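Visitor: I would like to learn how to read the features of a model. Please take me through a case.

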Amino acid sequence: MAAMGGGGSAGGGEKKTVVVVGGGVAGSLLARHLQDHANVVLMDSKEYFELPWASLRSMVEPLFAERSLINHSEYLPNARVVVSTAIDITESEVLTEKGDLITYDYLVIATGHVDIGALARNDKLCFYQAELRSSVSMKQLEGGPTGVELAGEIAVDFPDKKVTLVHRGSRLLEFIGPKAGKKAMDWLISKKVEVILGQFINNELDGVYETSSGETIKTDCYYDCTGKPMGSSLMVDANLRVKGHKNIFGIGDITDIPEIKQGYLAQRHAMVAAKNLKLLMTGGEESGMATYRAAWPLAFVSLGRNDAVAQILFITMIGYIPGMIKSRDLFVGKTRKQLGLTSDLPLGLEGDR
Ligand SMILES: Cc1cc2nc3c(=O)[nH]c(=O)nc-3n(C[C@H](O)[C@H](O)[C@H](O)COP(=O)(O)OP(=O)(O)OC[C@H]3O[C@@H](n4cnc5c(N)ncnc54)[C@H](O)[C@@H]3O)c2cc1C
């Protein structure tokens with residue numbers, strides 16, 4: 001087992017070492033904001049950042065991934081990137097699955113959802129190309145918001161394909177209100193997507209899938225969209241420190257904050273934690289730390305390239321206006337800018353990396 005310093009140590013006016021575990025929506029932004037204030041080590045199980053929901057557009061338009069897959073090193077020129085999975089944490093060290101120990105002064109846990117896709121950006125780009133080439137005529141999907149968004153992408157870009165969405169729950173989009181679920185369902189049906197509720201896939205034999213109630217669906221392509229697993233929930237205090245720990249913060253979907261799990265909130269957590277870390281690292285008083293208050297529900301679910309269904313507080317709307325906000329670019333340009341990059345790829349780099 002190798003011991004690796006984070007690149008500096010506590011004391012003597014030297015920069016502190018902040019290890020960020022998880023380079024998703026929250027961890028990437030926090031690392032970006034701290035890279036000039038500390039010795040930042042970003043540890044992620046893959047070498048790149050990807051907006052989770054942008055991957056659904058990349059399935060139907062592989063070139064979209066050129067902008068939405070960003071190597072961590074690209075937006076973190078002044079930090080160290082460790083591509084490995086954290087398997088254990090002590091009061092001062094993180095153990096990676098490769099057997100390295102990384103010491104920290106401060107730790108930020110931002111492990112949201114476990115990503116079991118490709119480790120390298122190029123492999124992920126190739127995966128999307130291969131997906132498109134396997135242009136079969138019938139596609140079947142199983143799962144919640146991911147299933148709805150992917151069904152929308154396929155229905156709009158490939159209207160000739162027969163798409164079936166099987167969902168275990170009694171309605172779609174259970175994480176927001178029933179009106180939003182009904183509007184999304186009506187939209188999908190209007191695009192000739194077959195929606196089967198209250199069932200899940202039990203068995204598969206030679207491309208014939210059997211649902212829990214014995215219905216059979218013949219398909220040549222199946223996507224499991226039932227959601228990536230999440231580690232256990234982390235209890236955090238109002239300053240976003242993990243309860244019982246002075247030097248460990250928790251941000252993003254992994255936290256037990258009683259609010260809807262959304263990326264824009266994960267980013268707000270990142271900004272609060274970054275502010276508090278800067279304060280603590282410069283010897284500020286704990287009492288001066290910023291606090292985070294759980295947010296009201298606000299969610300956008302895209303329905304193809306132009307439409308979306310949105311829930312803003314208790315108001316639900318569907319169509320072109322929420323579509324303009326999310327579905328056109330899926331917040332990719334905005335997120336790239338937040339990471340200090342250009343909204344579009346620099347000329348000459350499109351399709352070239
Ligand atoms: C279909 C869909 C649509 C969505 N649409 C929106 C939307 O429009 N707007 C919005 O704000 N939110 C949206 N969300 C929610 C948003 O994706 C999440 O809230 C957000 O990704 C949470 O960010 P995070 O940083 O906590 O976790 P993640 O983004 O899941 O990142 C976690 C990172 O940690 C890494 N990791 C996990 N375990 C380890 C480990 N042990 N060691 C090292 N690395 C590890 C993973 O590889 C990953 O890179 C959507 C989600 C889905 C599924």
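Visitor: Is the crossing of H1 and H8 left-handed or right-handed?

Guide: First, this is a predicted model, in which local features need pLDDT of at least 70, side-chain atom pairs count only at pLDDT 80 or more, and totals for chains, interfaces and linings use all residues. Residues are numbered from 1 along each chain as its sequence is written. A crossing is left-handed if the near helix is turned anticlockwise from the far one by less than a right angle, and right-handed if clockwise. H1 and H8 cross in the right-handed way.

Visitor: At what angle do helix H1 and H8 pack?

Guide: Helices here are DSSP runs of H or I, at least four residues, and strands are runs of E, at least two, numbered from the N terminus. Axes are lines fitted to C-alpha atoms, for helices over the stretch in contact, and angles run from 0 to 180 degrees between N-to-C directions. Helix H1 (residues 25-34) packs against H8 at about 30 degrees, and the axes are 8 Å apart.

Visitor: Which residues does Val108 touch?

Guide: Contact means C-beta atoms, placed from the backbone, within 7 Å. Leaving out residues up to four places away in sequence, Val108 touches Val18, Val20, Gly27, Leu30, Phe249, Ile251 and Ala273.

Visitor: Which strands stand at the edges of the open sheet?

Guide: Strands pair if DSSP finds at least two bridges between them. The sheet has three strands in the order S19-S20-S21, paired antiparallel. Strands S19 (298-303) and S21 (315-319) are at the edges with a single partner strand each, so one side of each has no neighbour in the sheet. Six bridges join S19 to S20 (residues 307-312), and Val301 has Val309 in S20 as its bridge partner.

Note on methods: Two residues are in contact if their C-beta atoms, placed from the backbone, lie within 7 Å.
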